[in-house]
Amino acid sequence: MYTLFKPCEFYQRCQCKRDQGSSLYLADCSELNMTQIWKFPNTIVKLTLRMNRLEMINDSIFFDNRLLRSLDLSFNRINTLSPSSFIGLEQLKELDLQYNNLSEISFTHQWSVKLQNLVSLNLKGNFYDEYQPDISSLVRLEILEMDFVFKKTTILNRQFGDLKTLKLLDFSGLTGHCSAPFLTPHTFQNVPHVRNISLAKCKIRSLQRGAFNMMKNITFLDLSENTCLKFQVLENVTADLQFSAIKILKVNKIHKVFDMNTYLQTTHIMHLHNTSIQELHLDSNRLQQVERGAMKFFPRTLIYLSVKDNMFSLGHYMYDLR
């Protein structure tokens with residue numbers, strides 16, 4: 001981890017190295033049992049403070065760090081964000097706040113107003129309840145990773161419609177908290193411009209046709225490890241994705257491990273013929289048979305098909321492989 005790193009001149013306990021594109025430093029002060037953020041010189045482009053014991057961000061503590069582009073505060077105990085928490089960081093591009101103690105109370109202040117140039121934000125591991133933080137002021141945001149918890153119908157708030165440059169939404173329960181039992185045509189109506197969305201392990205039980213119909217720019221969709229969906233839901237998904245920009249579709253392990261073996265039907269995948277999909281992942285679905293002729297609906301653009309950890313038996317579909 002510390003190849004080319006050496007003790008920082010300003011704090012010997014931190015590790016530093018020169019940034020290749022400038023004369024500034026990358027500083028790593030992780031795992032030092034810090035209870036408060038120290039004052040850092042204005043010579044740092046990337047600062048890592050992860051895995052400490054920080055509970056708050058002192059007002060204006062980063063005032064002198066106007067050259068900072070990346071800040072990692074993950075895996076701490078931060079529970080409060082104030083309007084002055086990030087003063088001085090107007091040029092910050094990346095902010096990682098995952099796995100702290102943030103809550104609805106933490107977001108009552110306009111803490112994000114100063115971060116007008118933020119491109120990437122990670123809020124995962126903070127919200128266990130049904131809550132969507134107001135980050136509409138982050139008008140240049142492209143990548144958002146956050147918890148996605150709902151008890152019933154799932155709908156992204158209108159404020160997400162203000163994030164016109166948003167390209168990637170990571171709600172995956174593999175790295176945070178995700179519970180979205182019912183997806184409807186209204187769920188993603190405010191983010192039609194998003195290209196990449198991960199809903200892996202989100203406890204999805206129902207996915208209606210039309211849930212992704214408005215997302216014509218989508219290139220990547222991951223619905224893996226939602227074992228209540230079953231293969232029948234594939235028809236709804238592929239019908240929505242036809243005529244979209246989809247390139248990679250992952251539906252690994254959407255079938256329960258101890259259920260009966262599955263059968264891939266033509267109706268499940270025939271809509272993919274109207275796409276330019278390049279990768280399709282169907283791993284770990286107890287897949288045994290494929291309806292004869294179904295694979296002929298795969299478009300010529302498909303270059304990678306993954307069907308690992310299934311239970312195939314011989315059948316007429318083997319002739320389609322030619």
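**Exercise 1. Determine which residue of β3 stands opposite C16, and place this pair among the paired strands near the start of the chain.**

Solution. In this predicted model, the partner of C16 is A27, which stands opposite C16 in β3. The next step is to look at the strands themselves: β2 covers residues 15-18, β3 covers residues 25-28, and the two pair in the antiparallel sense over 4 bridges. Between β2 and β3 there are 6 residues, and the two strands form a hairpin. The last step turns to the other partner of β2, namely strand β1 (residues 6-7), which runs antiparallel to β2 and is joined to it by 2 bridges. Here P7 is the residue that stands opposite Q15 in β2.

**Exercise 2. Find the salt-bridge partner of R66, and state where the two residues lie and how exposed each of them is.**

Solution. The partner is E90, and the closest N and O atoms of the pair are 3.3 Å apart. R66 sits in the loop between β4 (44-48) and β5 (70-72), whereas E90 sits in the loop between β5 and β6 (94-96), so that the pair links distant parts of the chain, 24 residues apart. For exposure, the bounds to apply are under 20% relative accessible area for buried and over 50% for exposed. R66 has a relative accessibility of 37% and therefore counts as partly exposed; E90, at 27%, likewise counts as partly exposed. A further step concerns the ring beside the arginine: R66 lies over the face of F63, at 4.4 Å from the ring centre.

**Exercise 3. State how many salt bridges the structure has, and describe the one between K167 and E142 and the one between D259 and K230.**

Solution. The count comes to 6 salt bridges. One of the pairs is formed by the side chains of K167 and E142, with an N to O distance of 4.0 Å. K167 belongs to the loop between β10 (153-154) and β11 (168-170), and E142 to the loop between β7 (120-122) and β8 (143-145), which makes this a link between distant parts of the chain, 25 residues apart. K167 is partly exposed because its relative accessibility is 34%, and E142 is partly exposed because its relative accessibility is 27%.

For the pair of D259 and K230, the closest N and O atoms are 2.0 Å apart. D259 lies in the loop between β17 (248-250) and β18 (262-264), while K230 lies in the loop between β16 (220-222) and α1 (234-241), and the pair therefore ties together parts that are 29 residues apart in sequence. D259 has 24% relative accessibility and counts as partly exposed, and K230 is also partly exposed, with a relative accessible area of 23%.

**Exercise 4. Describe the largest nonpolar core, and list what F188 touches.**

Solution. The largest nonpolar core has 89 residues, and those with the most contacts inside it are L71, L73, L95, F188, L199 and F212. Among the elements, β3, β4, α1 and β20 (287-290) each supply at least two residues of this core, and α1 gives the most, with 3 residues. Turning to F188, and leaving out residues up to four places away in sequence, the residues touched are F148, L156, F171, L183, I197, L199, A211, F212 and M215.

**Exercise 5. State how many aromatic pairs the whole structure holds, and decide whether the rings of F10 and F40, and those of F148 and F150, are stacked or edge-to-face.**

Solution. A search of the whole structure finds 16 aromatic pairs. The rings of F10 and F40 have centres 6.2 Å apart and planes at 85°, so this pair is edge-to-face. F10 lies in the loop between β1 and β2 and F40 in the loop between β3 and β4, so that the pair links distant parts of the chain, 30 residues apart. The two rings are not alike in accessibility: F10 is partly exposed at 25% relative accessible area, whereas F40 is buried at 4%.

For F148 and F150, the centres are 5.0 Å apart and the planes stand at 75°, and this pair is therefore edge-to-face as well. F148 counts as buried because its relative accessibility is 1%, and F150 counts as buried because its relative accessibility is 5%. As a final step, ring pairs also link F86, F107, W111, F127 and Y131 into a cluster.

Terms used: Residues numbered from 1 in each chain as written. Predicted model: local features only at pLDDT ≥ 70, side-chain atom pairs only at ≥ 80, totals over all residues. Heavy atoms only, no water. Pairing = 2+ DSSP bridges. Buried < 20%, exposed > 50% of the residue type's maximum accessible area, 1.4 Å probe, protein only. Core = buried A, V, L, I, M, F, W, Y, C linked by side-chain atoms within 4.5 Å. Contact = heavy atoms within 4.5 Å. Phe/Tyr/Trp six-rings, centres within 6.5 Å; stacked < 30°, edge-to-face > 60°. Lys NZ or Arg CZ within 6 Å of the ring centre and 35° of its normal.
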